[in-house]
Amino acid sequence: MGSNNMDISKIVTPDLISLDLKSNTKLGVIEELTDLLYKARDVSNKQDFIEDVLYRETEGLTGIGQGVAIPHGKSPAVSNTTIAIGLSKLPIEWESLDGEPVTAVILFAVRDKDSNTLHLKLLQKVAMLLADEGFIDKLHKVSSKEELIELLK
């Protein structure tokens, strides 16, 4: 891995994490996570960004199974490429590969200009983490933001 070993824990701040999503619909959850991105000034226009995320949802399933979804918005409304993470105590209806609802959502916010380099590194890193069953188990059991950030290291 060497030098391109990206430390997601440096990118995801506590402000970009919700351990208790209120909504149990895909749109509601995307709106909640977009709010976090907007407050952190990573997204400049909530509505534009949400539309871009929903458009991307029509292109393929983002529910990757085991209760995890990874929606994406590549958008001019994004000022910093980053991810927001939401966990839910309730199942969220989501089209997923295993047909099951999700309780962990990792929303990628990608700046147009970064769509190739940073985005791919972030994606690869998250994909590696998600390929690890142990990581997914721990993700679903996280009880504090610090614990979640530690888990991303």
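User: The expected span of a helix is 1.5 Å times one less than its number of residues. How far apart are the end C-alpha atoms of α2?

Analyst: They are 20 Å apart, which agrees with the 20 Å that its 14 residues should span at 1.5 Å a residue. Helices here are DSSP runs of H or I with at least four residues, strands are E runs of at least two, and both are numbered from the N terminus. Bear in mind that this is a predicted model, where local features need pLDDT of at least 70, side-chain atom pairs count only at pLDDT 80 or more, and totals for chains, interfaces and linings use all residues. Residues are numbered from 1 along each chain as its sequence is written, and side-chain values use heavy atoms, with hydrogens and water left out.

User: Thanks! Which residues of α2 are buried?

Analyst: Lys26, Gly28, Val29, Ile30, Glu32, Leu33, Thr34, Leu36 and Leu37. Buried is under 20% relative accessible area, exposed is over 50%, and partly exposed is in between, using a 1.4 Å probe and protein chains only. The cover over these α2 residues includes β1, α3, β5 (82-92) and β6.

User: What about just ahead of that helix: where does serine 23 sit?

Analyst: Serine 23 is in the loop between β1 (17-18) and α2. It is buried, at 16% relative accessible area. A polar atom of its side chain lies 3.1 Å from the backbone nitrogen of threonine 25. For a polar contact, two N or O atoms must be within 3.5 Å; within protein, one must be able to donate a hydrogen and the other to accept it, and residues adjacent in sequence count only if both atoms are side-chain atoms. Beyond its neighbours within four places in sequence, serine 23 touches Gly28, Val29, Glu32, Ser88 and Ile92, where contact means heavy atoms within 4.5 Å.

User: And after α2, what is the phi of arginine 41?

Analyst: Arginine 41 follows α2 with a positive phi, near 65 degrees. Most residues other than glycine have a negative phi. Arginine 41 is in the loop between α2 (26-39) and α3 (46-57), and counts as exposed because its relative accessibility is 68%.

User: Is valine 43 buried or exposed?

Analyst: Valine 43 is buried, with a relative accessible area of 2%, though its place is also in the loop between α2 and α3. Leaving out residues up to four places away in sequence, it touches Leu37, Tyr38, Phe49, Ala77, Val78, Ser79 and Ala109.

User: On to α3: which of its residues are buried?

Analyst: Phe49, Ile50, Val53 and Glu57. They cover an arc of only 100 degrees around the axis, so they are on the same side of α3; the arc is that of the directions from the helix axis to the C-beta atoms. Their cover includes α2, β4 (72-75) and β6. At the start of α3, a side-chain oxygen of asparagine 45 comes within 3.1 Å of the backbone nitrogen of glutamine 47.

User: Last one, for β6: what does isoleucine 106 touch?

Analyst: Setting aside residues up to four places away in sequence, isoleucine 106 touches Ala69, Ile70, Pro71, Ile83, Ala84, Ile85, Val126 and Leu130. It lies in strand β6 (residues 102-111) and is buried, at 3% relative accessible area. Alanine 69 is 37 residues away along the chain, yet the two C-alpha atoms are separated by 6.2 Å.
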